[in-house]
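Here's a quick briefing to read alongside the model. Have the viewer open and follow along.

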Amino acid sequence: MLAGDLIATFLAAQAAFTERVHAIADDQWQLGTPDAQWTVADLVWHLTDEHRWAGPLLAGLDMDGARAVVAGLGPADGDGATRVREWDLAAAMSAEAFRADGALSGSVAITRGPAPVAEYLEEMILDLIVHAWDLGTAIGYPGPLPAHAVEAIYPLARAVVGRTPSGMFDTPVQVRTDAPVIDKLVALTGRHPSCR
């Protein structure tokens with residue numbers, strides 16, 4: 001995928017997650033999600049933390065340096081309004097980092113080792129789409145995910161899952177060959193589309 005297309009897909013996926021974060025009702029933060037280990041609050045924190053790392057990593061810091069920067073941002077817990085605000089800030093910072101001139105041309109230090117920034121961005125897109133699906137399922141959000149973003153990341157998803165450290169995803173779930181692309185995508189990460 002071309003750099004411009006990858007950025008556009010990232011921004012669409014990020015906007016979809018943001019829509020769902022802003023739709024969380026006060027009494028929904030402790031609901032379970034399709035990712036059995038996480039509540040809604042845990043899921044939003046996971047994405048907030050992940051997006052806080054993008055700026056320091058793309059600035060060239062190693063994992064330890066980036067960890068120190070992220071730690072300095074403080075916790076993103078508290079009431080729902082605080083969690084929403086912290087997500088919005090993290091999303092804005094990561095979008096700015098990825099949109100910077102030349103950001104996609106280098107490499108970045110991530111958990112699995114040095115990787116091209118484009119691969120890191122593909123992983124961020126997949127995470128945003130899958131977790132937007134998780135969040136929408138958990139809170140009963142009626143809106144669809146952006147079809148162009150889902151269709152753009154799906155051909156790359158198998159490679160992304162394949163290079164992800166063991167244990168990050170459950171075993172893929174079988175779906176019909178004529179299933180919607182989003183069902184195929186979440187099934188690849190071990191989720192059951194029927195729970196939607």
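## Briefing: helices, rings and a hairpin

Right after helix 7 comes glycine 190, whose phi is positive, near 90 degrees. Helices here are DSSP runs of H or I with at least four residues, strands are E runs of at least two, and both are numbered from the N terminus. Keep in mind that this is a predicted model, where local features need pLDDT of at least 70, side-chain atom pairs count only at pLDDT 80 or more, and totals for chains, interfaces and linings use all residues. Residues are numbered from 1 along each chain as its sequence is written, and side-chain values use heavy atoms, with hydrogens and water left out.

**Helix 7 and its partner**

- Helix 7 is largely enclosed by the rest of the structure, because 6 of its 8 residues are buried (under 20% relative accessible area, with a 1.4 Å probe and protein chains only).
- The buried residues of helix 7 are Ile182, Asp183, Leu185, Val186, Ala187 and Leu188.
- The axes of helix 5 (residues 117–139) and helix 7 (residues 181–188) come within 10 Å and cross at roughly 105 degrees; axes are lines fitted to C-alpha atoms over the stretch in contact, and angles run from 0 to 180 degrees between N-to-C directions.
- That crossing makes helix 5 roughly perpendicular to helix 7 (the class for 65 to 115 degrees).
- On the helix 5 side, Leu126, Ile129 and Trp133 make the contact (heavy atoms within 4.5 Å), and they meet Ile182, Leu185 and Val186 of helix 7.
- The residues of this contact split into 6 nonpolar (Ala, Val, Leu, Ile, Met, Phe, Trp, Tyr, Cys and Pro), no charged (Asp, Glu, Lys and Arg) and no polar (the others, Gly among them).

**Aromatic pairs**

- The whole structure has 3 aromatic pairs (ring centres within 6.5 Å, using the six-membered ring of Trp).
- Phenylalanine 17 and tryptophan 87 sit 4.9 Å centre to centre with 75 degrees between the planes, an edge-to-face pair (over 60 degrees).
- That pair ties helix 1 (residues 3–22), home of phenylalanine 17, to helix 4 (residues 80–99), home of tryptophan 87, across 70 residues.
- Phenylalanine 17 and tryptophan 87 are both buried.
- Phenylalanine 98 and tyrosine 120 have ring centres 5.5 Å apart and planes at 45 degrees, so they count as tilted (neither under 30 degrees nor over 60).
- Here phenylalanine 98 is in helix 4 and tyrosine 120 in helix 5, 22 residues apart.
- Ring pairs also link Phe10, Phe98 and Tyr120 into a cluster.

**The hairpin**

- Strand 1 (residues 107–110) pairs with strand 2 (residues 113–116) in the antiparallel sense over 4 bridges; pairing takes at least two DSSP bridges.
- The two strands form a hairpin with 2 residues between them, and alanine 109 stands opposite proline 114 in strand 2.

Technical notes:
Parallel < 35°, antiparallel > 145°, perpendicular 65-115°, else oblique. Buried < 20%, exposed > 50% of the residue type's maximum accessible area, 1.4 Å probe, protein only.
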